[in-house]
Amino acid sequence: MPELVLPLVIRIERDRPPTRTDALEAAARGVLLMLTTEEAAWAADVALWDGQRMRKVVRRARGTQWQRAAQLPGLTVRHGSAELRVYPPIPTDDWPDALARLQVGGTELDDPDAPPAPAAQVPLVLLSPVAQMTAGKSMAQAGHAAQLGWWASSAADRARWREQGFPLAVRVASLEQWSDALRHGLPVVHDGGFTEVEPNTRTATVVLPWLDQRSDS
């Protein structure tokens, strides 16, 4: 059985790069949209990938690179200043040429202003305040956390989240938030250590309002 990876490509034009937070949230939403795709031709690969390790690779493109990548079958996610393509899972050693040529490492983005406080009752992905990660790596971790949130949700909560268009926020946790998340046993991403961080580094978690509500009842 081949190991599959989920490819994501973020559009970064030199004169109009997306903000870091928009890119992170686009990646997380892209993962959820692929998990729930109604494209029959992708269903078997998505199900197989969803049952394996959560492997995702984020690459970047601009100009003609982006145009070529956009021709491949996949989903486009537009979120604020970010435009991203997410593709059906592929074997880790069998990337299409249009994607294999794209750069994967060192993707960095900035937020010119501090992102606003997340809206109330919206799923919140929290990135580790201690793990040092590029924007590209953080996008993959945000996607992992969103996938963990999907797994942790009931069928009814999944349906409601999907109907709403998968609203979510991604923020870097404060040290206090991160400590609380680990203490309360929230779903936590343990990275495989292929790039940037050591194996088993805790990189992200997800706070689901519907699970919080149940715990308080």
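**A predicted fold viewed through six residues**

With a relative accessible area of 12%, arginine 59 is buried, where buried means under 20% relative accessible area, exposed over 50% and partly exposed in between (1.4 Å probe, protein chains only). This residue is a good place to enter the structure, which is a predicted model: local features need pLDDT of at least 70, side-chain atom pairs count only at pLDDT 80 or more, and totals for chains, interfaces and linings use all residues. Residues are numbered from 1 along each chain as its sequence is written, and side-chain values use heavy atoms, with hydrogens and water left out.

The confidence of the prediction comes first. The term pLDDT stands for the predictor's confidence in each residue, from 0 to 100. For the protein, its mean is 94, and 97% of the residues reach 70 or more. Residues 213–217 have a pLDDT below 50, and this stretch has three contacts in the model beyond near neighbours in sequence; a contact means heavy atoms within 4.5 Å.

The overall form can be described next. The secondary structure consists of eight helices and nine strands, these being DSSP runs numbered from the N terminus (helices H or I, at least four residues; strands E, at least two). For 217 residues, a compact globule would have a radius of gyration near 17 Å, and the protein agrees with this because its own value is 16 Å. That radius is taken over C-alpha atoms, and the globule rule is 2.2 Å times the number of residues to the power 0.38. The C-alpha trace spans about 50 × 40 × 35 Å along its principal axes. Of the 217 residues, 49% are buried. Among contacts with a separation of 6 or more, 79% are made by residues 24 or more positions apart.

The surface and the charges complete this overview. About 10,700 Å² of the protein is exposed, with carbon and sulfur atoms supplying 50% of that area; accessible areas come from the Shrake-Rupley method with a 1.4 Å probe, and for residues only the protein chains shown count as cover. There are 23 positive and 26 negative side chains, and the centres of the two sets lie 3 Å apart. Here Lys and Arg count as positive and Asp and Glu as negative, while His and the chain ends are not counted. Each charge is placed at NZ of Lys, CZ of Arg, CG of Asp or CD of Glu.

Back at arginine 59, the residue is found in strand S2 (residues 56–61). Not counting residues up to four places away in sequence, arginine 59 touches nine residues' worth of surroundings that include Leu8, Val9, Ile10, Trp95 and Leu99. Serine 179, 120 residues from arginine 59 in sequence, is 31 Å from it in space, C-alpha to C-alpha. Leucine 99, a contact of arginine 59, sits in helix H4 (residues 97–100). Leucine 99 is buried because its relative accessibility is 1%. Its C-alpha atom and that of arginine 59 are 7.8 Å apart in space, although 40 residues separate the two in sequence. Leucine 99 also touches Pro7, Val9, Ala69, Leu72 and Tyr87, when residues up to four places away in sequence are not counted.

Another set of contacts involves alanine 145 and leucine 124. Alanine 145 belongs to helix H5 (residues 135–152) and, at 1% relative accessibility, counts as buried. Valine 189 lies 44 residues from alanine 145 along the chain, yet their C-alpha atoms are separated by 6.1 Å. Leaving aside neighbours within four places in sequence, the contacts of alanine 145 are Val125, Val189, Ala204, Thr205 and Val206. Leucine 124 is part of strand S6 (residues 124–127), and its relative accessibility of 13% also makes it buried. Beyond neighbours within four places in sequence, leucine 124 is in contact with residues including Pro118, Ala169, Arg171, Thr205 and Val206. Thr205 and Val206 thus appear in the contacts of alanine 145 and of leucine 124. Alanine 44, by contrast, is 80 residues from leucine 124 in sequence and 29 Å away in space, C-alpha to C-alpha.

The last two residues share a loop. Glutamate 196 is found between strand S8 (188–190) and strand S9 (202–207), and asparagine 200 is placed in the loop between S8 and S9. Phi is near 70° for glutamate 196, a positive value in a residue other than glycine. For asparagine 200, also a residue other than glycine, phi is positive, near 75°. Glutamate 196 counts as partly exposed because its relative accessibility is 43%, whereas asparagine 200 is exposed at a relative accessible area of 54%.
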